[in-house]
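This briefing covers one protein model and groups its features by topic. Please view the sequence and the structure before reading the points below.

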Amino acid sequence: MKTTLNIDDTVMAKVKREAAKRGMTMGELVETALRTFLNAKPSNDPLPPLPSYSMGPMLVDIADRDALYDAMERE
């Protein structure tokens, strides 16, 4: 199928060079690139869990304002 696309000049120059280097036509290269892109599996993997650390018992209850101020003044 023939179609017309507007492609940036710098991108087109790279397509021409790459096609020549691979011994392909520009159409073959673009079709291959589009197939690769469209067949790629989207990464819907959830983000890995954040690391957790055990730092021992809490030294002060941060909800207790007076205890928090006392702890900060000791440092």
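Val-15 counts as buried, because its relative accessibility of 14% falls under the 20% cut-off. Val-15 belongs to helix 1, and its C-alpha lies 7.7 Å from that of Val-30, a residue 15 positions away in sequence. The model is a predicted one, with a mean pLDDT of 90 for the protein.

**Confidence**

- In this protein, 99% of the residues reach a pLDDT of 70 or more.
- Helix 1, residues 9–22, has the highest mean pLDDT among the elements, at 96.
- The lowest mean pLDDT among the elements, 87, belongs to helix 3, residues 65–74.

**Salt bridges in helix 1**

- Three salt bridges are present in the structure.
- Glu-18 and Lys-21 form a salt bridge in which the closest N and O atoms are 3.3 Å apart.
- Both Lys-21 and Glu-18 are in helix 1, and their spacing of three residues is about one turn of the helix.
- Glu-18 also meets the side chain of Arg-22 in a salt bridge, with an N to O distance of 2.6 Å.
- Arg-22 and Glu-18 are separated by about one helical turn because they are four residues apart in helix 1.
- Glu-18, Lys-21 and Arg-22 are thus linked in a network of salt bridges.
- Lys-21 is exposed, because its relative accessible area of 65% is over the 50% cut-off.
- Arg-22 is also exposed, because its relative accessible area is 54%, again over 50%.
- Glu-18 has a relative accessible area of 23% and is partly exposed, because this value lies between 20% and 50%.

**Salt bridge in helix 2**

- Arg-35 and Glu-31 form a salt bridge, with 2.7 Å between the closest N and O atoms.
- Because Arg-35 and Glu-31 are four residues apart in helix 2, residues 26–39, about one helical turn separates them.
- Glu-31 counts as partly exposed, with a relative accessibility of 41%.

**Surface patches**

- A patch of negative charge on the surface gathers Asp-61, Asp-64, Asp-66, Asp-70 and Glu-73.
- Asp-70, one of the residues in this patch, is placed in helix 3.
- The relative accessibility of Asp-70 is 44%, so this residue counts as partly exposed.
- Asp-70 can belong to a patch on the score of accessibility because its 44% is over the 30% required of patch residues.
- Leu-5, Ile-7 and Val-11 make a nonpolar surface patch of about 250 Å².
- Leu-5, one of the residues in the nonpolar patch, is found in the segment before helix 1.
- With a relative accessibility of 55%, Leu-5 counts as exposed.

**Segment before helix 1**

- Asn-6 is found in the segment before helix 1.
- Asn-6 counts as exposed, because its relative accessibility of 81% is over 50%.
- The C-alpha atoms of Asn-6 and Met-58 are 62 Å apart in space, and the two residues are 52 residues apart in sequence.

**Loop between helix 2 and helix 3**

- Pro-51 has its place in the loop between helix 2 and helix 3.
- Pro-51 counts as exposed at 59% relative accessibility.
- From C-alpha to C-alpha, Pro-51 and Leu-68 are separated by 26 Å, with their positions 17 residues apart along the chain.
- Val-60 is found in the loop between helix 2 and helix 3.
- Val-60 is buried, because its relative accessible area of 18% is under 20%.
- The C-alpha atoms of Val-60 and Glu-28 are separated by 67 Å, and the two residues are 32 residues apart along the chain.

Note on methods:
Residues numbered from 1 in each chain as written. Predicted model: local features only at pLDDT ≥ 70, side-chain atom pairs only at ≥ 80, totals over all residues. Heavy atoms only, no water. pLDDT = per-residue confidence, 0-100. Helix = DSSP H or I, 4+ residues; strand = E, 2+ residues; numbered from the N terminus. Patch = residues over 30% accessible without salt bridge, like charges linked within 9 Å, V, L, I, M, F, W, Y side chains within 5 Å. Areas by Shrake-Rupley, 256 points an atom, 1.4 Å probe, with all protein chains shown as cover. Salt bridge = Lys/Arg side-chain N within 4 Å of Asp/Glu carboxyl O. Lys, Arg positive; Asp, Glu negative; His and termini not counted. Charge placed at Lys NZ, Arg CZ, Asp CG, Glu CD. Buried < 20%, exposed > 50% of the residue type's maximum accessible area, 1.4 Å probe, protein only.
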